[in-house]
Each structure stands twice: as C-alpha cells, then as structure tokens.
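Here are my notes on the model, set out as numbered points. Please read them with the structure open.

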Amino acid sequence: MLLVGWCLLWLGLVLASIGASLESAAPGSWTTAPLNVLLIIVDDLRPSLGCYGDKLVRSPNIDQLASHSLLFQNAFAQQAVCAPSRVSFLTGRRPDTTRLYDFHSYWRVHAGNFSTIPQYFKENGYVTMSVGKEYLPIIAMTLRIAGLFHLTIPPLKSTKTPSERDPASPSLVPLLKERQPGVFVCFSPKEFQKLYPLENMTLAPDPQVPAGLPSVAYNPWMDIRQREDVQALNLSVPYGPIPVDFQRKIRQSYFASVSYLDTQVGHLLSALDDFQLANSTIVAFVSDHGWALGEHGEWAKYSNFDVTTRVPLMFYVPGKTAPLPEAGEKLFPYIDPFDSVLELTEPGRQVTDLVELLSLSPTLSGLAGLQVPPRCPIPSFHVERCREGQSLVKHFRFQDLEEDPYFRGNPRESIAYSQYPRPADSPQWNSDKPSLKDIKVMGYSIRTIDYRYTVWVGFNPHDFLANFSDVHAGELYFVGSDPLQDHNMYNDSQGRDLPRSLMP
Ligand SMILES: *[C@@H]1O[C@H](CO)[C@@H](O)[C@H](O)[C@H]1NC(C)=O
Ligand SMILES: *[C@@H]1O[C@H](CO)[C@@H](O)[C@H](O)[C@H]1NC(C)=O
Ligand SMILES: *[C@@H]1O[C@H](CO)[C@@H](O)[C@H](O)[C@H]1NC(C)=O
Ligand SMILES: *[C@@H]1O[C@H](CO)[C@@H](O)[C@H](O)[C@H]1NC(C)=O
Ligand SMILES: *[C@@H]1O[C@H](CO)[C@@H](O)[C@H](O)[C@H]1NC(C)=O
Ligand SMILES: *[C@@H]1O[C@H](CO)[C@@H](O)[C@H](O)[C@H]1NC(C)=O
Ligand SMILES: [Ca+2]
C-alpha cells in the first residue's frame, strides 16, 4: 500500500476593496487608495520552510514572499487543532471565549455572536470571497456557516479527490481575475516526493517519548493509526514507535506536500503580478497550527508542544514591507522548486517577539486602514467585536526604527498562550480530540522567549471553569538549553519563583 502524502489543504480569503464604498465607510482613515487583502491560510503547516531556516525543504515561492514581507519567527496558535484554532483567529478570541475546543458546536449560538475577519471587512465595504477547507461539512468550520452573511460570494468548493487536472493549476487565479468561483484540487503530490529522496530523509532529532513527559501531555495520534497502511504496522498503543523506515516516508510525504503547496502559492502570487495587483494587495500567509513529525515520539497535532503550536506568519504590505513595484516589474515571479539551482532569496524583515494567531484579526484591520477593534472587556461574550490579541501594526513602522528603538519590540516582554483539552490523565482513544462533554483536564501553556510552561488542571465542561488548585501535571522546558522540549524541569522547579497565573 502506498503512503499517500498528507495533503495540506489551504484556504485563500480574498478581501477585495471597493474604493468608493470604503471611503464612505471609513472617512479620513486612508492616506492612499484602499488595499486588497489576500489571506492565505494553510492547513497543518509547521514552519518547515526555507524562510524559517529549514535547509531541507524546498519552498522557493513562499521564501520569495517572505523576502518581501515582515516575518514573525515566533508565532503560536491558541489551540493545536483545526476548528478551534480557526475560529479563534478568525474571531480574534481565545478558545476559552469561543468555547470551542472540539468540532461540535457553533460559537455564534454557543458562546457569543462574534464578528470575524471577513465579516468586519465586508461591513467596511469590502467584497469578501473564500475557497478551501472551511467548506468541509464540519459544523464548526467557521466560514461555511458564517459565510451566509459575512462572505459576499458563497465559499467556493474545494475537493480532496485527486484529479486529472494539471497538478499545479492555479485555482485561485480565476478569483483574482474575474472574482468567480474556482475549484481547488488537492492531490497526493507523488511527483514532489522526488525532491526528497528517502535516503536523504532525516528522522526527528528526538524520536523517543521523553522520560519525564506526563502522560496527560501525550497525544496518541489515533487518526494516523487508523490509516490502512499504519494499521498494517501493528503498532502498540499508545506509545509504540513507528518503524524508522516508515517515519522517513511520512516525513518525505509531508515535505513533498509543502513543496506542492509552495507551487500553488507561487502561481497565486505571480497572478498578482500579472493583474498588476501587487502594488495594492496585502498578502498575509499563515497556518492554523503546526504538526509533529516524530518529535517526542509523536505525530500530528493535538498537543501543547512548539512543534504543533508554532506556525508560519508573514505579511506583505505594498510600499511598507517592500518598495512598491514599478509598472511592469514582477515582484513574485513563479519559481519552480524542481530547478536544480535555487537562488537563495534574501530574507525579509523578521520579528522575534512571541506573537499569537489572535493578532491576525486586529493586525489585518490596522494594516488595511480600518479601525482596530478595542480590547475585549472580561467577560466579552456579549461583545460582537473586540480583540483579545495585540495588533502587530507597531512592528511595521520601519521608518521609526532608527530613531525610536521602542518599536523594535521587546521579546522578553512578549508571551503567547496556547491550550489543549484532554478527557483523561492517560492517553486513550479520544485524547487527541475529546468532545466538549468529555473534557476533564485542560493544559494551559505559556511560551516566553525563555521557556514553555504548561499546567494541566481540572476542567469542568459544564461551566467551562478551570480549577487551578487541581493540578494534574506540569511541564517546564527551557528554550536555551532544551529547544526541542525533551527535558521536563517542572518537578525540579516546584517551590521556586515561577509564573503563578496562566490565565491571560
Ligand atoms: C449574529 O449577528 C448577525 C448580525 O451581526 C445576525 O444577522 C445573526 O442572525 C446573528 N446570529 C446569531 C446566531 O445570533
Ligand atoms: C541528497 O543528499 C545528497 C548527499 O548529501 C546530496 O548530494 C543530494 O543533493 C541530496 N538530494 C536532494 C534532492 O536534496
Ligand atoms: C514529578 O512528580 C510526580 C509526583 O511526585 C511524579 O509522578 C512524576 O513522575 C515526576 N516527574 C518527573 C519527570 O520526575
Ligand atoms: C501484533 O503485535 C502483537 C504484540 O504487540 C502480537 O501479539 C501480534 O501477533 C501482532 N499481530 C500481527 C498481525 O503481527
Ligand atoms: C499599480 O500599478 C498599476 C500598473 O502600473 C497602476 O495602473 C496602478 O495605478 C497602481 N496602483 C497603485 C495603487 O499604485
Ligand atoms: C478545585 O480543586 C481542589 C483540589 O482538587 C478542590 O478541593 C476544589 O473543591 C476544587 N474546586 C472546585 C470549584 O471544583
Ligand atoms: Ca488544521
């Protein structure tokens, strides 16, 4: 049985501005013509990209985007699983506010009728469109439902079925051109595996389950076990390691998917050039969460480790993160990852501050010249539009940098929060994706520039209350001496001066 690659589906949100209505909607806030916004949300993409320092992965088109963008080196998802993360960053609220930790409820009726990124842009005169995974028939997939009123054009269909189409068909290009529905084809990028010969595939540097890992922190990657080819391996549950040859195949497939994705991004961005939109379109590139590829003996997402919470995040803002392209100049010429000699693209500007995906919503608003929503009161279930994350707009004021070091930010002061629910203290069949009613423990995690600190505490799914007196386990990893998070120092640190409150 062939190992088919995990398919990185993606979603593009096109927020096209309409000048006249915008100007009346936001008088005085524009110094130049309003900008379009192209938001590329990749599914399950960890920062295994050239622009994030990965030496193996070929991602020339995304690297080229990065070279014209402001790239955030340390961006973290608020919960490392699809729907909770997407709902969180599209509404700008933490999972404890959307109350969506699983796939089974609709936040507008279950928590609060919060506004979303496309909804806010639409209310401000933008035409909003999307294509991709949010169309999957899962109730919590935000845009499918919300799309009824926050997308100008209903979400476009995507398909997971391999097809005879040109594998590199630039599916979103018709959107840019005619603003008409396109079809995105996701397929097994077999051909792209040639970029990653098995003999060149490395294993995770730390493929063992760490001795000091509390069992509640471990995600047993049940969905991967259910695959036919993995079942044939007769792995022991929950810790049984995957044979190393098979690990290499998984990693090969993942990296091949990344390169395939890169070609799609390349076609999409070169269309911006072709339609002379690169001078008037903000491009944001992001993923909903990361993905473990054997680190700590784990696979897939479903944890609080950096490998699953850390995501790529970059913004191209014409005239700000890169000079405005001259007439006819190509800012994003398509680059073939199969070219034997790939020129190294110059890295663009980078920020090392720790930032959260929650910041996407206020940041896009600020960059587009819309009013940045105010900070949320506590609680904020009744407030339709506010932000729980910071706007990152201050990082884009480059001209001030030389004179005013304040705008450099201070990585030491920045913090990113993530969380993950569990149904029990030991791994079991539903540990990866517990339904709300089954959640008994919540792992609240802080990431600072120096450490990741997680406490797993009792959680009541009926009143959504965490009990910080009821600590089931803890984790503490020092980034400097243990960047891969294999040496849990929590017990050693007990009684020392550590952060008391994990609640943001
Ligand atoms: C949410 O608010 C919108 C108006 O902003 C309204 O059209 C919609 O019906 C509301 N949905 C729910 C579930 O209350
Ligand atoms: C595989 O590794 C060999 C030896 O390091 C190297 O010469 C070759 O370019 C690699 N192949 C690819 C496709 O990266
Ligand atoms: C930490 O302490 C707890 C409770 O005493 C114990 O169960 C656990 O094994 C210890 N962990 C490590 C890594 O020593
Ligand atoms: C699967 O592994 C178990 C032990 O872990 C062994 O008893 C059983 O025979 C194996 N089954 C197959 C089909 O190899
Ligand atoms: C973008 O470039 C095109 C072609 O050079 C030009 O017609 C258009 O006015 C420019 N738009 C902006 C916002 O500068
Ligand atoms: C919180 O946990 C502590 C320790 O287990 C327990 O004594 C207390 O009753 C719990 N509080 C609530 C509100 O459940
Ligand atoms: Ca995902």
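1. How many bridges join β7 to strand β11, and in which sense do the two run? There are four bridges, and β7 and β11 (residues 313–316) run antiparallel. One pair to look up is V286 in β7 with L313 in β11. Please keep in mind throughout that this is a predicted model.

2. β7 also pairs with β2, here in the parallel sense and over seven bridges. V286 appears again in this pairing, as the bridge partner of I41. V286 is thus bridged to I41 and to L313.

3. Strand β7 covers residues 281–287, and seven of its seven residues are buried, so the strand is largely enclosed by the rest of the structure. The burial applies to both faces of β7. On one side are T281, V283, F285 and S287, and on the other are I282, A284 and V286.

4. Two residues of β7 recur in the largest nonpolar core. This core has 93 residues, and L65, I282 and A284 have the most contacts inside it. Helix α11 gives the most to the core, namely 12 residues. A separate second core has 11 residues, among them V455, W456, F459 and A473.

5. The surroundings of I282 can be listed directly. Residues up to four places away in sequence aside, I282 touches L35, N36 and V37, then F315, Y316 and V317, and also L367 and A368.

6. The packing of α2 (residues 60–67) on α11 (residues 244–274) is worth a look. Their axes come within 7 Å and cross at roughly 50 degrees, and the two helices are therefore oblique to each other. On the α2 side the contact is made by P60, N61, I62 and L65, which meet D262, T263, V265, G266 and L269 in α11. By class, this contact has five nonpolar residues, three polar and one charged. L65 is also one of the residues with the most contacts inside the largest core.

7. Is L49 buried or exposed? L49 sits in the loop between β2 (36–42) and α2. With 25 other C-beta atoms within 10 Å, L49 counts as buried, because the cut-off for that class is 20 or more. Beyond its neighbours within four places in sequence, L49 is in contact with D54, V57, S59, I62, D63, V258 and P312. For D63, the separation from L49 is 14 residues in sequence and 7.4 Å in space, C-alpha to C-alpha.

8. Helix α3 (residues 82–91) is mostly covered, with 10 of its 10 residues buried. The buried residues of α3 include R86 as well as S85, S88 and T91. After α3 comes G92, which has a positive phi near 75 degrees.

9. There is also an open sheet of four strands, in the order β13-β14-β15-β16, with antiparallel pairing. β13 (416–422) and β16 (465–478) are at its edges; each has a single partner strand, so one side of each is left without a neighbour in the sheet. On average, and with direction ignored, neighbouring strands here are turned by 20 degrees against each other. β13 is joined to β14 (residues 441–447) by seven bridges, and S418 has S445 in β14 as its bridge partner.

10. Some backbone details deserve checking. Most residues other than glycine have a negative phi, and most peptide bonds are trans. The bond joining V237 and P238 is cis, with omega about 0 degrees, and P238 lies in the loop between α10 (228–231) and α11. The bond from I378 to P379 is cis as well, with omega near -5 degrees. P379 is placed in the loop between α13 (360–368) and α14 (398–401).

11. Two non-glycine residues with positive phi should be inspected too. N234 has a phi of about 50 degrees and lies in the loop between α10 and α11. A300, with phi near 70 degrees, is found in strand β9 (residues 299–300). N234 is exposed, with 7 other C-beta atoms within 10 Å, whereas A300 has 23 C-beta neighbours inside 10 Å and counts as buried.

Note on methods: Residues are numbered from 1 along each chain as its sequence is written. Chains are lettered from A and ligands numbered from 1 in the order in which they are written. This is a predicted model: local features need pLDDT of at least 70, side-chain atom pairs count only at pLDDT 80 or more; totals for chains, interfaces and linings use all residues. Axes are lines fitted to C-alpha atoms, for helices over the stretch in contact, and angles run from 0 to 180 degrees between N-to-C directions. Angles under 35 degrees count as roughly parallel, over 145 as roughly antiparallel, 65 to 115 as roughly perpendicular and the rest as oblique. Two residues are in contact if their C-beta atoms, placed from the backbone, lie within 7 Å. Ala, Val, Leu, Ile, Met, Phe, Trp, Tyr, Cys and Pro count as nonpolar, Asp, Glu, Lys and Arg as charged, and the others, Gly among them, as polar. Two strands pair if DSSP finds at least two bridges between them. A nonpolar core is a set of buried Ala, Val, Leu, Ile, Met, Phe, Trp, Tyr and Cys residues joined through C-beta atoms within 7 Å. A residue is buried if 20 or more other C-beta atoms lie within 10 Å of its own, exposed if 12 or fewer, and partly exposed in between; C-beta atoms are placed from the backbone.
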